[in-house]
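Dear colleague,

Please find below the structure for your examination. My notes on what was found in it follow directly after.

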Amino acid sequence: MGAAGMIIVRDAQEAGLDLPRAYGVDDIPLVLQTKAIVAGQVALHTGLDSVVLANGVRDAWQQLPAQVVRLRCLNGSSERSFLLGLSNALPMHVIGTDGGLIAAPVIVDRLQLMPGERVELLLDLAELQGQSFQLMSYGSELPDDIIGAAQVGNGMATLDGYNENALNGANFSLVSFTVGAPTGSGTTAVPIALVPTNAYVEADADLSRSFTFEPQSMGPMEMIEGPFEINGALMDMDVINVTVPLANTEIWELVNNTMVGHPFHIHDIQFNVLDRNGAAPETWETGWKDVVYVPPMGTARVITRFDDFADPDMPYMYHCHLLMHEDEGMMGQFLVVDPNAIAEQEASASIHIWPNPVTGDHCTVKWAEAKGAVNTRLFDAAGRMVNESVLLDASHGRPLTLRMLSPGLYTLLLVDSRGQRAQTTVSIAP
Ligand SMILES: [Cu+2]
């Protein structure tokens, strides 16, 4: 991320709780970043991010009242993970994650926050008037192979400039705080309960999909540097990698066959983390999230329901939230499609497929604007091409043979002789 901002979302459930919410007084947004500054400009695509910024400011400090205060933290770094902690060893009460408040506060003294992740913390400063302390990143305690740790790679290979960056493996201050007088009206105690999560459980799932991360080519450098593929492919704007039927509850299994940790992010939905390397996630991670840490040579599983915002034309993205990784193509796109709405939506599109859902071994394709021969490619929900053929003139209706295909949703990509592209969703009936 370059310049980063924050949107604070409030709702009635949040408003019903006794939480600090005086903006800039006891409720502090913190966009935490490290950046490389070259010739006065933020430089991307370099590992020499040696400048620590909070809300865009170096050496940031804030006065806080001697009462319960709320810190809304976002890791807006391009690649660096933080291991948050307080220099005075005060406990941090986690109350919220990426998607909102969790069920009850969870006390931690360290918390790993990867790029793209958000966490809300309460600190009880009632006894600390006149003192000062820092919100720290304890980089020396980050596990190896997470960017920001002392070591990435096996010692033979490491990232360009990694060992020259003094922040890697170091403990450093993100923000300094001084504690002043209480406001006289703030929150005096950390709440016992927050908002029930009603998390999805494994038994709710309609299906499980697997997403495997691998370097494009094998080698010690490539295993830490990338470019990294998801299910054997880099991002392609012309390929829908996954088609999700509306109202599906799905487990997404993330398999990391690389030597670095990745923060995996899914648009459109909030998910619950089921497990990481087969073990329960951190207690504070059990609410709603949209970024999950996938450990090096390890796995994470998340569960979610795609219950809104279906659109047969506008895909959502999933991607690694490390800027260099996503920029190099560690990303894919998915459609959420309402199977019952396809026929209606086709009526207004320039491509006509009928019947759709397809009931026999072929359908008719008409693309009025097509010029010359049209190449057709059909992709299944996992993004695999399952059919390729050529229609000599699709500007009038032409039959497309679709034999031996399992029932479900497919994406049909059409390219005409002038390189014009069109795409639509085809449903194969049982
Ligand atoms: Cu990554």
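I begin with a strand pairing: β21 and strand β22 (residues 331-337) run antiparallel and are joined by five bridges. Within this pair, Tyr318 stands opposite Gly332 of β22. Please bear in mind throughout that this is a predicted model.

Strand β21 (residues 311-320) is also joined to strand β17 (residues 262-266), here by three bridges, and the two run antiparallel. Tyr318 appears again in this pairing, since Ile266 stands opposite Tyr318 in β21. Tyr318 thus faces Ile266 as well as Gly332 in β22. As a general point on such elements, the side chains in a regular strand alternate between the two faces of the sheet.

Turning to the overall architecture, the protein contains four helices and 29 strands. The C-alpha trace spans about 80 × 50 × 40 Å along its principal axes. Of the 430 residues in the protein, 40% are buried. Among contacts between residues at least 6 apart in sequence, 75% join residues that are at least 24 apart.

The protein is divided into three parts: domain 1 covers 12-180, domain 2 covers 202-336 and domain 3 covers 339-428. Between domain 1 and domain 2, the C-alpha centres lie 24 Å apart. Domain 1 gives 28 residues to their contact, and domain 2 gives 25 residues. On the domain 1 side, the elements that give two or more residues are β7 (92-97), β8 (100-108) and β9 (111-113). The largest share of that side comes from β8, with five residues. By class, the side of domain 1 that touches domain 2 has 15 nonpolar, nine polar and four charged residues.

A further sheet deserves a separate description. Four strands form an open sheet in the order β26-β25-β28-β29, with antiparallel pairing. Strands β26 (385-391) and β29 (421-428) stand at the edges; each has a single partner strand, so one side of each is left without a neighbour in the sheet. From one strand to the next, the twist averages 20 degrees. Inside this sheet, strand β25 (residues 374-379) and strand β28 (residues 408-415) run antiparallel and are joined by five bridges. One residue pair may serve as a reference point when you inspect them: Leu378 has Leu412 in β28 as its bridge partner.

As to the interior, the largest nonpolar core has 96 residues. The members that touch the most other members are Leu30, Leu32, Cys73, Val94, Leu121 and Val292. Leaving aside residues up to four places away in sequence, Leu32 touches Ala54, Cys73, Leu74, Asn75, Gly76, Phe82 and Leu174. Cys73 is therefore a name to look for twice, being listed with Leu32 among those core members and also among the residues that Leu32 touches.

Finally, is Val9 buried or exposed? Val9 has 7 C-beta neighbours inside 10 Å and therefore counts as exposed, given that the cut-off for an exposed residue is 12 or fewer. Val9 is placed in the segment before α1 (12-15). The C-alpha atoms of Val9 and Gly100 are separated by 8.6 Å, although these residues are 91 residues apart along the chain.

With kind regards

How values were computed
Residues numbered from 1 in each chain as written. Predicted model: local features only at pLDDT ≥ 70, side-chain atom pairs only at ≥ 80, totals over all residues. Pairing = 2+ DSSP bridges. Axes fitted to C-alpha atoms, helices over the stretch in contact; angles between N-to-C directions. Buried ≥ 20, exposed ≤ 12 C-beta atoms within 10 Å, placed from the backbone. Contact = placed C-beta atoms within 7 Å. Core = buried A, V, L, I, M, F, W, Y, C linked by C-beta atoms within 7 Å. Domains from an automatic or database assignment. Nonpolar A, V, L, I, M, F, W, Y, C, P; charged D, E, K, R; others polar.
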